[in-house]
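The exercises below are meant to be worked with the coordinates open. Each task is followed by a solution that goes step by step.

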Amino acid sequence: RLLGLYLLLIIVAVIEAFEGLSHVPMLFGDLSEIPGPGIAGAIIKAYVASHPVLALAALALATVGRLRYAIMALGALVLMNWLNYMPSVVRHGLDLGGLSALQTPIQIIAFPLMGACAIVRAARKERLGLATLMVSIPTLFDALAVIGFGISVFLYGF
């Protein structure tokens with residue numbers, strides 16, 4: 001049973017590491033490209049810098065059998081992702097039109113709660129299967145959204 005949890009965490013960590021590493025060149029380029037002056041820009045830069053570190057840490061921890069710590073690293077990544085959305089939410093408010101009516105509340109409310117609960121469960125050594133599921137759902141949701149977008153572009157064009 002634990003092998004399945006390890007495999008799920010490894011898959012999720014690989015997806016997150018790929019995504020995080022794809023954004024790293026942004027840090028070495030023109031930092032004025034990153035939107036948001038002041039604290040908003042600092043939050044976004046911190047997210048871009050911490051994303052691959054947390055994802056690779058989760059991958060390494062899951063690979064060597066540290067399930068609890070891998071869950072905590074992915075939970076921290078979920079919370080950093082939520083923090084990354086906050087400058088946009090503060091500046092523009094919640095976008096609740098069209099498909100965003102479903103996606104925005106999930107990403108702004110449900111996912112950070114799931115990440116925080118997963119961290120607490122892992123810290124207490126309670127229901128690690130549930131904690132693994134809670135940190136995996138945000139990544140799998142985003143992956144399915146990208147796949148769905150790709151299919152719609154393939155079918156209907158851009």
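Read along the sequence, this predicted model follows the pattern α-α-α-α-α-α, and its secondary structure comes to six helices and zero strands.

**Exercise 1. Overall character**

Task: Determine what percentage of the residues is buried, and what percentage of the contacts between residues at least 6 apart in sequence joins residues at least 24 apart.

Solution: Begin with burial, for which the cut-off is a relative accessible area under 20%; buried residues make up 35% of the 158 residues in the protein. Turn next to the contacts between residues at least 6 apart in sequence, of which 69% join residues at least 24 apart. Finally, consider the surface: the protein exposes about 9,200 Å², and carbon and sulfur atoms supply 73% of that area.

**Exercise 2. Two helices with bends**

Task: Compare the end-to-end reach of H3 with its expected value, do likewise for H6, and locate the bend in H3 and in H6.

Solution: Helix H3, which covers residues 39-63, has 25 residues and reaches 35 Å from its first C-alpha to its last, close to the 36 Å expected at 1.5 Å a residue. Within H3 there is nevertheless a kink of about 35 degrees at Ser-50, shortly before the proline Pro-52. Just after H3, Gly-65 takes a positive phi of about 95 degrees.

For H6, the 29 residues should span 42 Å at 1.5 Å a residue, and the end C-alpha atoms are 42 Å apart, so the two values agree. H6 bends by about 35 degrees at Ser-136, with the proline Pro-138 following within four residues. Both Ser-136 and Pro-138 are among the buried residues of H6, which also include Leu-128, Gly-129 and Met-134. Just after H6, Gly-157 takes a positive phi of about 85 degrees.

**Exercise 3. Classifying an aromatic pair**

Task: Search the whole structure for aromatic pairs, and decide whether the rings of Phe-111 and Phe-141 are stacked or edge-to-face.

Solution: The search of the whole structure finds one aromatic pair. The ring centres of Phe-111 and Phe-141 lie 5.4 Å apart and their planes stand at 75 degrees, so the pair is edge-to-face, given that an angle over 60 degrees is required for that class. The pair links distant parts of the chain, with Phe-111 in helix H5 (residues 100-124) and Phe-141 in helix H6 (residues 128-156), 30 residues apart. As to accessibility, Phe-111 is buried because its relative accessible area is 6%, whereas Phe-141, at 25%, counts as partly exposed.

**Exercise 4. The loop between H5 and H6**

Task: Find out which sign phi has at Lys-125 and at Arg-127, and establish whether Lys-125 and Arg-127 are buried or exposed.

Solution: Recall that most residues other than glycine have a negative phi. Lys-125, found in the loop between H5 and H6, has a positive phi of about 60 degrees although it is not a glycine. Arg-127 is placed in the loop between H5 and H6, and its phi is near 45 degrees, again a positive value in a residue other than glycine. Lys-125 counts as exposed because its relative accessibility is 59%, and Arg-127 counts as exposed because its value is 56%.

**Exercise 5. Surroundings of Asn-81**

Task: Identify which residues Asn-81 touches, not counting those up to four places away in sequence.

Solution: Asn-81 lies in helix H4, residues 67-92, and counts as buried because its relative accessibility is 18%. With residues up to four places away in sequence left out, Asn-81 touches Tyr-47 and Asp-142.

Methods:
Residues numbered from 1 in each chain as written. Predicted model: local features only at pLDDT ≥ 70, side-chain atom pairs only at ≥ 80, totals over all residues. Heavy atoms only, no water. Buried < 20%, exposed > 50% of the residue type's maximum accessible area, 1.4 Å probe, protein only. Contact = heavy atoms within 4.5 Å. Areas by Shrake-Rupley, 256 points an atom, 1.4 Å probe, with all protein chains shown as cover. Expected span 1.5 Å × (residues − 1). Bend = angle between axes of the 7 residues up to and from the residue. Phe/Tyr/Trp six-rings, centres within 6.5 Å; stacked < 30°, edge-to-face > 60°.
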